[in-house]
Amino acid sequence: MEGMNNQILEVNLTTEKTSVSLIDDEVLNNYLGGRGLGVKLFTENVPKGVDPLSEKNPLIFSIGPFTSSIVPTSGRFSLVTKSPLTNTIFHSNSGGFWGVYFKRCGYDGLYISGKLKDDNKGYIVIDGTKIVEIKDADHLWGLKTVKTIEKIKELEGKNAQVLCIGPAGENQVRISSIMNQAHRAFGRGGVGAVMGSKNLKAIVVKNGTQKFPIKDKEHMKRLSVVAIDKIKVTPITSQGLALFGTAALVKIINLFGMFPIRNFQSTYATPDQIDSISGEKLRERFLEDSEGCYNCIIKCGRLTNTGEMRGKGPEYESLWSLGPLLGIFDLKEITHANYLCNEYGLDTMSTGATIACAMELQQNGLIKDRSLAFGNGKSLCDNIEKIALRRGIGNELAEGSLRFAKKYSAERYAMQVKGMELAAYDPRGAFGHALNYAVSSRGACHLTGFLVASEVLGVPKLIDRFSIKGKSDLLFLKQNQSAVEDSLVVCKFVGYALGFEFQARFLSVILGKEINVTDLITIGERIYNLERLFNVREGFSKKDDTLPSRFLETLLEEGSSKGRVVPLNHLLQDFYKVREWNEIGIPKDSLLKRLSIERLK
Amino acid sequence: MIDPATFKQFQITGKVLTDHKYNTSHSGNISMRAGGKILIKRRGAMLGYLEPEDIIETDLYNTDSGIMLSSTETDVHRQIYLNTDAMAIIHAHNPFCVILSLIEDEITCLDAEGIYMYRKIPIIEVDNPAGPIDAAREVPKVLKNYPVVVVRGHGAFAKGNTLFDALQNITGAEQSAMIRYHIMLTGKPLKRDYSKEKFFSEW
């Protein structure tokens, strides 16, 4: 396919052999690349019931037709694996430059299987289009992420791009991430633990020179100019995210009574509290510079300095999960905790949410540890370290909120779906968003169908956040769009400025043939349903498409979402109909036929 | 949360603009200064059907995270407040002003009320009429001396001491533009052209 390499690099860690296989155009036409390609390869190769932390669970990294092009924000790339947190198929994506370098080495995907033998530790080096090596990483094992990257760059050159795990991944913490240049992450789902289970410390790419000729370069440039103009004149992309990073959402989400505090026991912070942790305050107190990924003019990344430490972030979700969710409103403590999670390779959101769960158990006398009291910011970094190193109660917390709470027969305090913790939007304040938490193929995800855009931010147009009818249809569209964005691969933030038709136009120019929005939505639908088929085979169904009882039964008592609970049954019934799934959430035969996909054996 | 009396001013203003068909279903924006803040219509909300949640508070002096919710043209409003005597602003895509802006360099009022209120309505041209960046730079310069200005091909910005004052200015400008447009359609000479009198050219 134009714009792609049509090659997968396979690395078998057990045999320490590498090989290259070709991908048919048909696969790329039906799945594009990125998440779609990863899901296709994963579902073809992974048998039922595989233990996510076994050598049979592959890690599949992939890029898309937009990667390395002049399409704005095309620096992202994807990962697909089975999550040790949720036991579902799991996709994650990250920005930066690694994906661009990888594509320039001549591959569309990296399929890593097996496990290094005899407890050897290693890292993979992909050096241009010819060389792939597995090198010894015994000397790197145990190092935090910044140090790991520093050491690898000494060995591989300063231009090497590095994905690595920290001690959390090494210790197979189920809420660990794979870090990308130390501060970006393949977050959620415990993907760091999968890499750790393979004794794999890092993956390095360098010296790629492959180019991707575009037939109509001038057309591509014109489209890009129009797109950049729109990004520049759209306040969310040119000002909100650029000035305050994703933390621009702190005040906004609080305004709508959706900002979860103390493990979702409250959803409204006082003006003083919210001012102290806002995007404005982060900018005023700690911001040194902003940073963008490859070919991005938004630059939402934050380079920060607290006077005691320097690092990157926190992003909105991290700021929330390591702060107000724990009853903590000290921006410096939150920022330091964020740095530490990045250093250990922990998912900030699930780490905060799991600690929040423990704090509610402590509040109710189910555990006695006073370091886990709401508002205790002084012990936060200690607890993060305990999780990463699986020390003391950290060993229990390292399993994520659901497994932790189950141990104390207190699942009701775990704010999760399918094992993955919720993001920084209380579902009682936006019903479409609530539905996505319940049905997302990877657990309580905010990214696979971000209806907060329509329900709160008014993009593309405002819809009543408490309405029910039509929400399922809108979510269907958003989920399919998201699957496509993750497969092209492009940052979701451009969606605030560019309509989805831009993606179709860019792809048409790259491929040299017309692709329209409807074609793309069908591809997204195919990807989404293939993920669902995998989960169905693993035993997931309607019983798992739910929310913690708090959101279904407990009315919010303050803020502008006061008096609300999620009418999930109504939403779910409509959603299954729109998705053409049966009454227990299984895709119907007629749907599979239309999408040209089959049930997994 | 906005107080009910203030909200009512927004609601009435939005309704009048919608009833007059000055905008599409979702376009146009209105704001007022309030204690070091700007109260402005939320992006994506419909002017004709405003709810209290649709009025967003954002800082008067600096961009803040309110930009995530507030009207796309918030920066134009902010620069008008910071550089003119405006206490309230209305922006609409009122059609007769837009039509005349595409064929003339200023709208000279021919009707008595227009002559009394505005004499003439300036038209300015910017490189990117649909975005707020150029307008934020150019519109305030003109509104220092005029109550209404039209951005070529885009729409009018009107200021006022209150929302209703700004409403009077934008409806008045549109009325004058409509009259002028229809006179032009007749192709007939004016019996008396007031714009040639009383130092119009110096205004």
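The following paragraphs lead the reader through a predicted model, from its domains to individual residues.

Chain A is divided into three parts: domain 1 covers residues 7–206, domain 2 covers 235–421, and domain 3 is made of 430–496 together with 516–595. Between domain 1 of chain A and domain 2 of chain A, the C-alpha centres are 26 Å apart. These two domains touch, with 34 residues of domain 1 of chain A in contact with 29 residues of domain 2 of chain A. On the side of domain 1 that touches domain 2, the elements that give two or more residues are α4 (145–156) and α5 (167–170) of chain A. Of these, α5(A) gives the most, with three residues. By class, this side of domain 1 of chain A has 13 nonpolar, 17 polar and four charged residues.

Chain A also touches chain B, and the contact takes 22 residues from chain A and 18 residues from chain B. On the side of chain A that touches chain B, two or more residues come from each of the elements α7 (217–233), α8 (235–244), α9 (249–255) and α11 (279–286) of chain A. The most is given by α8(A), with six residues. The side of chain A that touches chain B has twelve nonpolar, six polar and four charged residues.

Attention now turns to the interior. In soluble globular proteins, nonpolar side chains tend to be buried together. Here the largest nonpolar core has 238 residues. The residues with the most contacts inside this core are Phe102(A), Tyr123(A), Ala202(A), Val204(A), Cys357(A), Ala434(A) and Ala156(B). Helix α14 of chain A, residues 348–363, gives the most to this core, with eight residues. Phe102(A) may be taken as an example: not counting residues up to four places away in sequence, Phe102(A) touches Ile63(A), Phe77(A), Tyr107(A), Leu110(A), Ile126(A), Val205(A) and Gly208(A).

One of these partners of Phe102(A), Leu110(A), leads to a group of strands in chain A. Leu110(A) belongs to β6(A), where it is the bridge partner of Phe61(A). Strand β3 of chain A (residues 59–62) and strand β6 of chain A (residues 109–113) run antiparallel and are joined by four bridges. Strand β3(A) is also joined to strand β4 of chain A (residues 77–82), by three bridges, and this pair too runs antiparallel. In β4(A), the bridge partner of Phe61(A) is Leu79(A). Phe61(A) thus has a bridge partner in β6(A) and another in β4(A). In a regular strand the side chains alternate between the two faces of the sheet. Strand β3(A) shows this arrangement: Leu59(A) and Phe61(A) point one way, while Ile60(A) and Ser62(A) point the other way. All four of these residues are buried.

A further sheet is found later in chain A. Three strands form an open sheet in the order β13-β14-β15 (chain A), with antiparallel pairing. Strands β13 (287–291) and β15 (310–312) of chain A are the edge strands, each pairing on one side only. From one strand to the next, the twist averages 15°. Strand β13(A) is joined by four bridges to strand β14 of chain A (residues 301–305), and the two run antiparallel. Within this pair, Leu303(A) in β14(A) is the bridge partner of Asp289(A).

Some details of the backbone remain. Most residues other than glycine have a negative phi, and most peptide bonds are trans. The peptide bond from Gly313(A) to Pro314(A) is cis, with omega near 5°. Pro314(A) is in the loop between β15 and α12 (316–321) of chain A. A second cis peptide bond joins Val459(A) and Pro460(A), with omega about 0°. Pro460(A) lies in the loop between α19 (452–455) and α20 (471–488) of chain A.

Positive phi values occur at two residues that are not glycine. Arg262(A) has a phi near 45° and is found in the loop between α9 and α10 (271–276) of chain A. Arg262(A) counts as partly exposed because it has 18 C-beta neighbours inside 10 Å. Ser409(A) has a positive phi of about 50°, and its place is in the loop between α17 (401–407) and β16 (416–417) of chain A. With 8 other C-beta atoms within 10 Å, Ser409(A) is exposed.

Technical notes: Residues are numbered from 1 along each chain as its sequence is written. Chains are lettered from A and ligands numbered from 1 in the order in which they are written. This is a predicted model: local features need pLDDT of at least 70, side-chain atom pairs count only at pLDDT 80 or more; totals for chains, interfaces and linings use all residues. A residue is buried if 20 or more other C-beta atoms lie within 10 Å of its own, exposed if 12 or fewer, and partly exposed in between; C-beta atoms are placed from the backbone. Two strands pair if DSSP finds at least two bridges between them. Two residues are in contact if their C-beta atoms, placed from the backbone, lie within 7 Å. Ala, Val, Leu, Ile, Met, Phe, Trp, Tyr, Cys and Pro count as nonpolar, Asp, Glu, Lys and Arg as charged, and the others, Gly among them, as polar. Axes are lines fitted to C-alpha atoms, for helices over the stretch in contact, and angles run from 0 to 180 degrees between N-to-C directions. Domain bounds come from an automatic or database domain assignment. A nonpolar core is a set of buried Ala, Val, Leu, Ile, Met, Phe, Trp, Tyr and Cys residues joined through C-beta atoms within 7 Å.
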